[in-house]
Amino acid sequence: MSAIQWIAVWGVVSLLTAVAGGFLAAAKNRDHSWWAAWCFVLPPMLLILLLMSNNQGQRPRRPSMEEEDREREWL
């Protein structure tokens, strides 16, 4: 395989693992955007997510941009 084919395969694998990581993280009650992003950058992260147990309780919520701005005003 040439370098261009390897790059194309890596891109397809990255996209597929990002989608799978997002859906799997949502099913395991975890932050789906964080896991989808890291599964895109490093596809083996999907294996780590598969080995993790389900998150009990509420799904972690990121603060909105307005909440972050309010916190920075006090600094």
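Is L46 buried or exposed? With a relative accessibility of 16%, L46 counts as buried, because the cut-off for that label is under 20% relative accessible area. The close-ups below start from this residue and then move around the rest of the chain; please keep in mind that the model is predicted.

**View 1. L46 and its surroundings in helix α3.** Our opening residue, L46, sits in helix α3. Neighbours within four places in sequence aside, L46 touches T17, A20, G21, L24 and C39. For a sense of scale, the C-alpha atoms of L46 and M1 are 25 Å apart, with their positions 45 residues apart in sequence.

**View 2. The largest nonpolar core.** Six residues build this core: A25, W35, C39, M45, L46 and L49. Helices α2 and α3 (45-51) each supply at least two of them, and α3 gives the most, with three residues. In soluble globular proteins, nonpolar side chains tend to be buried together. Here is W35 as one member to look at up close: outside its neighbours within four places in sequence, W35 is in contact with G21, A25, R30, M45, I48, L49 and M52.

**View 3. T17 and the backbone of C39.** T17 belongs to helix α1 and is buried, because its relative accessible area is 11%, below the 20% limit for that class. A polar atom of the T17 side chain lies 2.9 Å from the backbone oxygen of C39. Once neighbours within four places in sequence are left out, the contacts of T17 are C39, P43 and L46.

**View 4. S14, another buried residue of helix α1.** S14 is placed in helix α1, and its relative accessibility of 3% counts as buried. Leaving out neighbours within four places in sequence, S14 is in contact with C39, F40 and P43. Although S14 and A36 are 22 residues apart along the chain, their C-alpha atoms are separated by 9.7 Å.

**View 5. A nonpolar patch on the surface.** Turning to the outside, L15, W34, W38, F40, V41 and L42 form a nonpolar patch. Together these residues have about 570 Å² of accessible area. Helix α2 (residues 32-41) contributes the largest share, four residues. F40 is a good one to pick out: this residue lies in helix α2 and is partly exposed, with a relative accessible area of 40%. As seen in the previous view, F40 is also one of the contacts of S14.

**View 6. The end of helix α1 and the loop that follows.** A27 is part of helix α1, which covers residues 3-27. A27 counts as exposed because its relative accessible area is 61%, and the class begins over 50%. Between A27 and W6, 21 residues apart along the chain, the C-alpha separation is 31 Å. In the loop between α1 and α2 we meet N29, which counts as buried at 17% relative accessibility. If you like to check backbone torsions, have a look at this residue: N29 has a positive phi of about 65°, although it is not a glycine.

Terms used: Residues are numbered from 1 along each chain as its sequence is written. This is a predicted model: local features need pLDDT of at least 70, side-chain atom pairs count only at pLDDT 80 or more; totals for chains, interfaces and linings use all residues. Side-chain values use heavy atoms; hydrogens and water are left out. Patches are made of residues with over 30% relative accessible area and no salt bridge: like charges are joined within 9 Å, nonpolar side chains (Val, Leu, Ile, Met, Phe, Trp, Tyr) within 5 Å. Accessible areas come from the Shrake-Rupley method with a 1.4 Å probe; for residues, only the protein chains shown count as cover. A salt bridge is a side-chain nitrogen of Lys or Arg within 4 Å of a carboxyl oxygen of Asp or Glu. Helices (H or I, at least four residues) and strands (E, at least two) are DSSP runs, numbered from the N terminus. Buried means under 20% relative accessible area, exposed over 50%, partly exposed in between (1.4 Å probe, protein chains only). A nonpolar core is a set of buried Ala, Val, Leu, Ile, Met, Phe, Trp, Tyr and Cys residues joined through side-chain atoms within 4.5 Å. Contact means heavy atoms within 4.5 Å. A polar contact is a pair of N or O atoms within 3.5 Å; within protein, one must be able to donate a hydrogen and the other to accept it, and residues adjacent in sequence count only if both atoms are side-chain atoms.
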